[in-house]
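Hi,

Here is the structure I promised to pass on to you. Have a look at it first, then read my notes below with the model open beside you.

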Amino acid sequence: MSSTTAGQVIRCKAAVAWEAGKPLVMEEVEVAPPQKDEVRIKILFTSLCHTDIYFWEAKGQTPVFPRILGHEAGGIVESVGEGVTDLAPGDHVLPVFTGECKECAHCKSEESNMCDLLRINTDRGVMLNDGKSRFSINGQPILHFVGTSTFSEYTVVHVGCVAKINPLAPLDKVCVLSCGISTGLGSTLNVAKPKKGSTVAVFGLGAVGLAAAEGARIAGASRIIGVDLNPNRFESAKKFGVTEFVNPKDHNKPVQEVIVEMTNGGVDRSIECTGHVDAMISAFECVHDGWGVAVLVGVPHKDAVFKTSPMNLLSERTLKGSFFGNYKPRSDLPSVVEKYMNKELELEKFITHEVPFAEINKAFDLMLKGEGLRCIIRM
């Protein structure tokens with residue numbers, strides 16, 4: 001990659017969300033050079049994740065517009081700002097919505113991946129270095145989204161939110177590891193940690209839930225019970241190791257009771273990937289006493305609360321939360337890419353559609369209709 005563009009403003013195409021819920025508009029934007037601790041990336045493939053839809057609709061949170069959405073992507077470093085030593089032009093990378101500064105208490109802890117400096121901030125539309133945007137149209141700033149803004153041919157990202165990966169890995173496949181798939185996979189492998197031969201229940205069979213099921217399959221679970229209100233999801237979920245299905249609508253008692261009966265006392269592990277409070281309670285109450293562990297992954301409404309009897313905890317069940325599958329982006333994502341490279345992890349089955357960048361609104365339509373899992377957007 002020639003670095004003739006280094007230090008220059010780059011004019012390129014970006015899909016701009018001008019207002020909530022309105023189709024994205026393809027615009028020519030100016031992308032400023034990276035400043036201290038920043039990297040400018042040429043995005044080659046990006047994918048649509050439900051979180052983009054959530055903030056584009058802006059129904060449950062602060063509307064921040066105009067902004068460039070997108071956070072699941074793969075690309076190549078075009079240039080680096082001052083102080084960036086572990087990345088160079090030409091490196092293959094995944095930008096990530098959360099980061100790893102490597103300096104804070106969280107980054108130094110073996111248990112946490114919740115970096116103090118770079119953890120997700122959905123309201124901040126500017127860079128940390130100077131509180132300004134790197135995107136503009138005719139001098140008007142266009143805001144960033146979760147530090148990534150991948151719906152642009154070029155973007156500027158803090159170095160701590162960039163994972164350098166194997167250059168041989170196909171970016172049109174591994175780009176899905178920069179958010180949803182790693183979130184689900186890690187919630188099982190790193191947080192629930194099911195033993196070989198154990199039983200696992202997964203609540204919600206979207207991309208994240210299916211990635212959690214894939215984690216259970218890799219771990220060698222003997223039964224993987226998928227729970228979803230949409231029976232259309234059951235057939236394709238078999239490809240991800242799901243062995244049986246429960247639709248809460250088919251039963252006249254709480255789904256946790258159904259699962260406890262099916263499994264002679266409860267599952268060993270459960271993973272909740274819907275963000276609905278009822279599903280969280282069910283996921284916790286369906287695990288076996290004495291050793292059961294329930295992991296919450298889905299993001300609830302900000303005012304949501306749930307109730308359960310403290311006896312459920314006193315009888316030795318564990319309730320845990322997980323963020324981005326407990327992966328530290330810079331340290332851990334390269335090895336998740338290697339799981340794909342050595343055929344331990346299958347990614348193709350998550351990718352159900354592909355559209356060119358000019359047709360990005362099609363990807364939104366597909367997700368709003370609930371069709372498919374991941375749509376790759378080719379820049």
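What follows is a short tour of what turned up in it.

Before you start, keep in mind that this is a predicted model.

**The two domains**

A good way in is to colour the chain by domain. The domain assignment splits the protein into domain 1 (10–44 + 51–178 + 347–378) and domain 2 (184–324). Notice that domain 1 is written as three stretches of sequence, with 347–378 among them. If you take the centres over C-alpha atoms, domain 1 and domain 2 sit 30 Å apart. Where they meet, 13 residues of domain 1 are in contact with 12 residues of domain 2.

**The core**

Next, hide the surface and look inside. The largest nonpolar core is made of 86 residues. Val29, Phe151, Val174, Leu177 and Leu347 have the most contacts inside it. Helix α5, which covers residues 207–219, is the top contributor to this core, giving 6 residues. Where does this core lie relative to the domains? Both domain 1 and domain 2 give residues to it, so the core lies between them.

Val29 is a nice one to click on. Leaving out residues up to four places away in sequence, Val29 touches Ile10, Arg11, Cys12, Ala14, Val16, Ile68, Phe135, Ser136, Ile137 and Ser152. Apart from the largest core there is another one, of 17 residues, and Val39, Val84, Cys107 and Cys115 are among them. As background, nonpolar side chains in soluble globular proteins tend to be buried together.

**A pocket and a cavity**

Now for the empty space. The second largest pocket holds about 320 Å³. Its lining is made of 15 residues, and Glu111, Val191, Lys320, Gly321 and Asn326 lie nearest its centre. Two elements, α4 (180–192) and β15 (318–321), each give two or more residues to that lining. The largest share is that of α4, with 3 residues. Sorted by class, the lining of this pocket has 5 nonpolar, 6 polar and 4 charged residues. Like the core, this pocket lies between domain 1 and domain 2, because both of them give residues to its lining.

How many cavities of 30 Å³ or more does the structure hold? The count is 1. The largest cavity has about 140 Å³ of space, and 14 residues line it. Leu118, Arg124, Leu128, Gly147 and His158 lie nearest the centre of this cavity. The cavity lining has 7 nonpolar, 4 polar and 3 charged residues.

**Two residues to try**

Finally, here are two residues for you to find yourself.

Is Lys239 buried or exposed? Its relative accessibility is 53%, so Lys239 counts as exposed, the cut-off being over 50%. You will find Lys239 in the loop between α6 (234–237) and β12 (244–246). Leaving out residues up to four places away in sequence, Lys239 touches Glu214 and Lys349. Try the distance tool on Lys239 and Glu344 too: they are 105 residues apart in sequence and 14 Å apart in space, C-alpha to C-alpha.

The other residue is His92, in strand β5 (residues 92–95). His92 has a relative accessible area of 18%, and buried means under 20%, so it counts as buried. With the same sequence neighbours left out, His92 touches Gly75, Ile76, Ala163, Lys164, Ile165, Pro167 and Leu171.

Happy exploring, and write back if you get stuck!

Methods. Residues numbered from 1 in each chain as written. Predicted model: local features only at pLDDT ≥ 70, side-chain atom pairs only at ≥ 80, totals over all residues. Heavy atoms only, no water. 1 Å grid on protein atoms, 1.4 Å probe; cavity = no way out; pocket = protein on both sides within 12 Å on 5 of 7 lines; lining within 4 Å. Points joined across faces, edges and corners; volume = space filled by probe spheres on them. Helix = DSSP H or I, 4+ residues; strand = E, 2+ residues; numbered from the N terminus. Nonpolar A, V, L, I, M, F, W, Y, C, P; charged D, E, K, R; others polar. Domains from an automatic or database assignment. Core = buried A, V, L, I, M, F, W, Y, C linked by side-chain atoms within 4.5 Å. Buried < 20%, exposed > 50% of the residue type's maximum accessible area, 1.4 Å probe, protein only. Contact = heavy atoms within 4.5 Å.
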